Amino acid sequence: LKRLAREQRHTIVCVIHQPRASILQLFTRVMLIADGRAAYLGPLASIVSYFAEHGFECPSLENPADYLLDLVNSRGDEEEGSDSEDDSDPEKIPTKRPSRQESVRRVIELYDKSDMAHDAVHPPSAFTSLPALREGSGDLSRRYPTPWFFQMWILLRRSFFYKLRTPAAVMTQASTT
């Protein structure tokens with residue numbers, strides 16, 4: 001897929017849950033979603049440094065993919081906040097750690113205020129320089145680079161070949177109508 005995207009200049013969108021570090025490295029841009037909202041949308045190369053700059057530093061021996069998933073996933077059964085205890089120093093006063101839900105809320109707020117979120121909502125001028133987008137023309141042939149009849153032809157052709165490859169589905173469909 002990466003070769004296809006690079007050589008044919010196609011955009012490929014994938015949804016992946018709980019990726020291994022080696023799989024995550026195949027992506028160029030990622031979007032993290034927390035509680036149904038965007039928590040990050042940007043280049044993979046800068047994701048760890050982005051969160052480190054905002055106080056969410058990935059431990060050196062932890063898989064970044066696992067750390068990021070833990071960072072954006074809240075658990076409803078977790079206590080509101082827990083005390084961090086350092087057993088090495090008995091005189092140290094335990095400090096209140098934010099709950100995972102508070103951390104997720106903070107991550108979302110940080111992203112919402114970031115330049116990345118602004119750029120995602122307000123694309124660069126290169127995207128809005130197309131005449132149909134700029135003028136808001138009502139003519140469909142200007143808004144879509146492919147005419148509707150060609151789109152319809154592609155869909156009909158795809159459907160025809162699907163039916164040709166699966167005769168059992170055609171027979172089932174024909175017998176039920």
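Of the 177 residues in this protein, 18% count as buried. Keep in mind as you explore that the model is predicted. The fold is built from 11 helices and 4 strands. About 14200 Å² of the protein is exposed, and carbon and sulfur atoms supply 56% of that area. Among the contacts with a separation of 6 or more, 40% are made by residues 24 or more positions apart.

**Looking inside**

Let's start with the interior. The largest nonpolar core has 23 residues. Leu-32, Tyr-40, Ile-47, Phe-51 and Val-107 have the most contacts inside this core. Two or more residues each come from strands E1 (29-34) and E2 (37-43), and from helices H3 (47-53), H4 (64-72), H5 (100-112) and H6 (115-121). Which element gives the largest share? That is H4, with 5 residues.

Tyr-40 is a good residue to click on. Leaving aside residues up to four places away in sequence, Tyr-40 touches Val-30, Met-31, Leu-32, Ser-46, Ile-47, Tyr-50, Phe-51, Tyr-111 and Met-116.

**A patch on the outside**

Now turn to the surface. Here a nonpolar patch is formed by Trp-148, Phe-149, Phe-150, Met-152, Trp-153, Ile-154, Leu-155 and Leu-156, and together these residues have about 900 Å² of accessible area. Take Phe-149 as one of them: this residue is found in helix H10, which covers residues 148-165. Is Phe-149 buried or exposed? Phe-149 is exposed, because its relative accessible area is 56% and exposed means over 50%.

**Two loops worth a visit**

The loop between E1 and E2 holds Asp-35. The phi of Asp-35 is near 50°, a positive value in a residue other than glycine. Most residues other than glycine have a negative phi. Asp-35 is also exposed, with a relative accessible area of 56%.

Another loop, between H5 and H6, contains Ser-114. Ser-114 counts as buried because its relative accessibility is 13%, and buried means under 20%. What does the side chain of Ser-114 reach at 3.4 Å? The partner is the backbone nitrogen of Met-116. A polar atom of the Ser-114 side chain also lies 2.7 Å from the backbone oxygen of Tyr-111. Both Tyr-111 and Met-116 are among the residues that Tyr-40 touches.

**Pairs of opposite charge**

Side chains of opposite charge can pair when their charged atoms come close. How many salt bridges does a search of the whole structure find? There are 2, and here they are in a small table.

| Salt bridge | Closest N and O atoms |
|---|---|
| Arg-3 with Glu-7 | 3.7 Å |
| Arg-37 with Asp-112 | 2.2 Å |

Arg-3 and Glu-7 both belong to helix H1 (residues 2-8). Because they are 4 residues apart in this helix, about one helical turn separates them. Arg-3 is exposed, at 54% relative accessibility.

The pair of Arg-37 and Asp-112 joins two separate elements: Arg-37 lies in strand E2 and Asp-112 in helix H5, so this salt bridge ties together parts that are 75 residues apart in sequence. Arg-37 is partly exposed, with a relative accessible area of 43%. Asp-112 also counts as partly exposed, at 40% relative accessibility. E2 and H5 have appeared before, since each gives two or more residues to the nonpolar core.

Key:
Residues numbered from 1 in each chain as written. Predicted model: local features only at pLDDT ≥ 70, side-chain atom pairs only at ≥ 80, totals over all residues. Heavy atoms only, no water. Buried < 20%, exposed > 50% of the residue type's maximum accessible area, 1.4 Å probe, protein only. Contact = heavy atoms within 4.5 Å. Areas by Shrake-Rupley, 256 points an atom, 1.4 Å probe, with all protein chains shown as cover. Core = buried A, V, L, I, M, F, W, Y, C linked by side-chain atoms within 4.5 Å. Patch = residues over 30% accessible without salt bridge, like charges linked within 9 Å, V, L, I, M, F, W, Y side chains within 5 Å. Salt bridge = Lys/Arg side-chain N within 4 Å of Asp/Glu carboxyl O. Polar contact = N/O pair within 3.5 Å; in protein donor to acceptor, adjacent residues only side chain to side chain.
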